[in-house]
Amino acid sequence: MLLQLCYQMLWQTQTRRLLFYSLISAFYMEKPKTSHLELKKAFVLSFLIPPLLLFLLLNPQSSSSSTSSSPLLGPFSHPLPLPSSSSSSSSSSGAMWPGIKTETGLPEAPSVGQPGFLSFSSAYTSTQSGQLHYSYPSQGKPRSHPPPPFSFSFSSIILAVLLVEGVRFVKVSCVCLFQRVFLWDLDETIIIFHSLLTGSFAQKFGKDPATVLNLGLQMEELIFELADTHLFFNDLEECDQVHVEDVASDDNGQDLSNYNFLADGFSGSSGGGGGSGPAGVPGGVEWMRKLAFRYRRLKEIYNAYKTNVGGLLSPMKRDLLLRLQSEIENVTDAWLSTALKSLLLIQSRGKCLNILVTTTQLVPALAKVLLYGLGEVFSIDTIYSATKIGKESCFERIVSRFGKKVTYVVIGDGRDEEFAAKQHNMPFWRISTHGDLVSLHQALELDFL
């Protein structure tokens, strides 16, 4: 009886029910973290459907004839019957609570001199065995109401399907965060590096070959020094990965704050780390775990210094880097600064993403990105190395990650990315001269791309 009383009090008013449903829906569905139109629709859908579904599934159908109408669901029965005029009275003791039944067979208490709402009947006798010995005051003929049952209707099934579709829509919208993804090549597209070493840049643009070559050699030295000293290139050169997360599944989450990478016996070469060695067999569980540790630490270093690579260099090397950046920018006619305008414009859109796909190995590519000041444009999870699998396979991985509904634009200077773009039916923007970068920025400003 106490449980029934609590149940009926909980469902006494529609306001309490709606509040209850709102709390459930707010707890059930997490708010999206983006402000895109698709996620706004999914957010509204996720908050609208659960209350409607729960209302139909949990709204008990009363045997009372009194009904109400909802503008969304149509007629529905109140969980508690409304008191009729015959059961209402202006008696000083108050009206009886609707929906609370009296036990059958119990005598009615006299209506005069009632001490309160809940009292024992003065007509109680010991002959009423097997019954609950209490009664309620009444101002008329008390009516007995069975506990309201739960009902399942065709509308409930329809709303259940809508709920499933709503959750699916939220998941799809969370995946499709971007409308357009730009796939960039690195060397000779965003930065000038490889052509400095080969002399092709000096020959093509009429620069002094000795000066250009000297700048390229000094930058190359900085790149490999950073990669060897801080980015584990000595360990990872022979076990290069396409993406920094490729071996994350082998990481057991061990705390690496006090981990000694120099003393764990890991060797990235195929001939190192024998079966009896501390690092285990290359490709084995122990070896893969230590490999995953290095890539996790690599990711931490990149994220910590992506806007301050000078913190990884000595004061002398930091001054050298600043001088090289300035001289390369002068000799290349502000090539990097011009490319950065397009990169930052794409980044500022909110619905677009820059992806870097380079034929350089992953670790030296990360060192290049840091030393050329591109860390705040490319997060480490948007950098892919095509050294092992080629650009066509890299593009395929990116499409599987972001979906086929996204528009992809490939920007590069070589035939590899052009052929890969053609294979995937992606538009290709060729970068051959400084003017191509200027035209690219103008096209982006005019929303042609």
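Phe-178 counts as partly exposed in this predicted model, at 22% relative accessibility, and this residue is a convenient point of entry because it ties two separate parts of the chain together through its ring. Its partner is Phe-402, which is buried with a relative accessible area of 7%.

## Aromatic pairs

The count of aromatic pairs comes to 8. A pair of aromatic rings is described by the distance of the centres and the angle of the planes. In the pair formed by Phe-178 and Phe-402, the ring centres lie 6.1 Å apart and the planes stand at 75°, so the arrangement is edge-to-face. Phe-178 sits in the loop between helix H4 (154–175) and strand E3 (180–184), whereas Phe-402 belongs to helix H13 (residues 390–402), so this pair joins parts that are 224 residues apart in sequence.

The rings of Tyr-259 and Phe-293 also form an edge-to-face pair, because their centres are 5.3 Å apart and their planes meet at 75°. This pair too links distant parts of the chain, with Tyr-259 in the loop between helix H8 (233–236) and helix H9 and Phe-293 in H9, 34 residues apart. Tyr-259 and Phe-293 are both buried, and ring pairs link them with Phe-232 and Phe-261 into a cluster.

| Ring pair | Distance of centres | Angle of planes |
|---|---|---|
| Phe-178 and Phe-402 | 6.1 Å | 75° |
| Tyr-259 and Phe-293 | 5.3 Å | 75° |

## The chain as a whole

The protein chain holds 15 helices and 7 strands, and buried residues make up 41% of its 449 residues. Among contacts between residues at least 6 apart in sequence, 71% join residues at least 24 apart.

## Nonpolar cores

In soluble globular proteins, nonpolar side chains tend to be buried together. The largest nonpolar core here has 74 residues, of which Phe-182, Trp-184, Ile-190, Leu-291, Leu-374 and Phe-378 touch the most other members. Helix H9 (residues 285–305) gives the most to this core, with 9 residues. Once its neighbours within four places in sequence are set aside, Leu-374 is in contact with Leu-186, Ile-190, Ile-191, Tyr-302, Leu-336, Leu-340, Leu-343 and Val-369. Another core, of 19 residues, lies apart from the largest one, and among its members are Val-242, Ile-355, Tyr-384 and Val-406.

## Strand E3 and its partners

Strand E3 is mostly covered, with 4 of its 5 residues buried. E3 pairs in the parallel sense with strand E4 (residues 352–358) over 5 bridges, and within that pairing Val-181 stands opposite Leu-353 in E4. E3 also pairs in the parallel sense with strand E6 (residues 407–412), again over 5 bridges, where Phe-182 has Val-409 of E6 as its bridge partner.

## Helices H9 and H10

H9 has 21 residues and reaches 30 Å from its first C-alpha to its last, close to the 30 Å expected at 1.5 Å a residue. Its buried residues include Trp-287, Arg-289, Leu-291, Phe-293, Leu-298 and Tyr-302, and what covers the buried residues of H9 includes helices H7, H8 and H12 together with strand E5 (383–385).

Helix H10 (residues 315–331) has 17 residues and spans 25 Å from its first C-alpha to its last, close to the expected 24 Å. The buried residues of H10 are Lys-317, Leu-320, Leu-321, Leu-324, Ile-328, Glu-329 and Val-331. Seen down the axis of H10, these buried residues fall within an arc of 160°, so they line one face of the helix. The face turned away from that side carries the exposed residues Pro-315, Asp-319, Leu-322 and Asn-330. On the buried side, H10 packs against helix H5 (194–198), helix H6 (200–205), helix H7 (209–230), helix H11 (335–349) and helix H12 (362–371).

## Two residues with positive phi

Most residues other than glycine have a negative phi. Phe-232, although it is not a glycine, has a positive phi of about 60°; this residue is found in the loop between H7 and H8 and is buried, with a relative accessible area of 14%. Asp-333, which is not a glycine either, has a positive phi of about 60°. Asp-333 lies in the loop between H10 and H11, and at 43% relative accessibility it counts as partly exposed.

Technical notes
Residues numbered from 1 in each chain as written. Predicted model: local features only at pLDDT ≥ 70, side-chain atom pairs only at ≥ 80, totals over all residues. Heavy atoms only, no water. Core = buried A, V, L, I, M, F, W, Y, C linked by side-chain atoms within 4.5 Å. Buried < 20%, exposed > 50% of the residue type's maximum accessible area, 1.4 Å probe, protein only. Contact = heavy atoms within 4.5 Å. Phe/Tyr/Trp six-rings, centres within 6.5 Å; stacked < 30°, edge-to-face > 60°. Pairing = 2+ DSSP bridges. Expected span 1.5 Å × (residues − 1). Arc of directions from axis to C-beta.
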